[in-house]
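Here's a walk through this fold, one piece at a time. Keep the structure open and follow along.

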Amino acid sequence: MKHKMELSPQCSGQLRAIGDTMELLAGKWKIQIIGTLLLNGKMRFMELKRALNGIAPKKLSKDLQELETNQLLTRTVMSTKPITVEYELTPHGKTLENLINEVMDWGFNHRKHIIK
């Protein structure tokens, strides 16, 4: 008979924090969008689309909206003709820089490890 292990409140809180982060950043593109904006600063929609080779416009739009809703980036409509929109990380979004760098470093090392 299996017996269910009870998690400490601290462990439960830590797992909830991991779950919240993964839910927010889940998917193929959100971390790449954040990384692209970290590396390039302000970018227009089409610049982001070109930088994120293979993303569909509808998906980019949806992910940008979710990141804006979660206060990780700002969307600024410029009064140009035609209208252009710029996206930029908020100070809160920029707090993901260490995480993005760790993911990037891990990816470089993992690729080297697998290619051996």
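**A walk through the fold**

Let's begin at a turn: just after H2, Gly41 takes a positive phi of about 75°. Keep in mind that what you're looking at is a predicted model. There's another glycine like this to look for: H1 is followed by Gly27, and the phi of Gly27 is positive too, near 100°. H1 itself covers residues 9-25, and its length checks out: at 1.5 Å a residue, its 17 residues should span 24 Å, and because the end C-alpha atoms sit 24 Å apart, the two figures agree.

Now go to H2, residues 30-40. Which of its residues are buried? They are Lys30, Ile33, Ile34, Gly35, Thr36 and Leu37. A bit of helix geometry helps when you look at such a list: an α-helix has 3.6 residues a turn, so residues three or four places apart point the same way.

Take Thr36, which is found in H2. It counts as buried because its relative accessibility is 11%, and the cut-off for buried is under 20%. What does Thr36 touch, once its neighbours within four places in sequence are set aside? The answer is Gly41, Met43, Leu48, Ala51 and Leu52. So Gly41, the residue with the positive phi just after H2, turns up again here as a contact of Thr36.

Ile34 has its own set of partners: leaving out neighbours within four places, Ile34 is in contact with Leu25, Leu67, Leu72, Leu89, Leu96 and Ile100. That brings us to the core. In soluble globular proteins, nonpolar side chains tend to be buried together. Here the largest nonpolar core has 19 residues, and Ile33, Ile34 and Leu48 are those with the most contacts inside it. H2, H4 and S3 each supply at least two residues of this core.

H4 runs over residues 57-69, and Asp63 lies in it. Is Asp63 buried or exposed? At 1% relative accessibility, Asp63 counts as buried. Apart from neighbours within four places in sequence, Asp63 is in contact with Trp29, Lys30 and Ile33. Two of those names, Lys30 and Ile33, are also on the list of buried residues in H2.

Next, the sheet. Three strands form an open sheet in the order S1-S3-S2, with antiparallel pairing. S1 (43-44) and S2 stand at the edges with a single partner strand each, so one side of each has no neighbour in the sheet. S2 (residues 73-78) and S3 (residues 84-89) pair over six bridges, and a hairpin of five residues joins S2 to S3. Within that pairing, Thr74 stands opposite Glu88 in S3. On the other side, S1 and S3 pair over two bridges, and the bridge partner of Arg44 in S3 is Glu86.

How do helix and sheet fit together? H2 lies across S1, S2 and S3, and runs at about 90° to S3.

Finish at Glu97, whose place is in helix H6, residues 97-115. Glu97 counts as partly exposed because its relative accessibility is 40%. How far from Gly35 is Glu97 in sequence and in space? The two are 62 residues apart in sequence, but 7.8 Å apart in space, C-alpha to C-alpha. Gly35, for its part, is one of the buried residues of H2, the helix where this walk began.

Terms used
Residues numbered from 1 in each chain as written. Predicted model: local features only at pLDDT ≥ 70, side-chain atom pairs only at ≥ 80, totals over all residues. Heavy atoms only, no water. Buried < 20%, exposed > 50% of the residue type's maximum accessible area, 1.4 Å probe, protein only. Helix = DSSP H or I, 4+ residues; strand = E, 2+ residues; numbered from the N terminus. Contact = heavy atoms within 4.5 Å. Expected span 1.5 Å × (residues − 1). Pairing = 2+ DSSP bridges. Axes fitted to C-alpha atoms, helices over the stretch in contact; angles between N-to-C directions. Core = buried A, V, L, I, M, F, W, Y, C linked by side-chain atoms within 4.5 Å.
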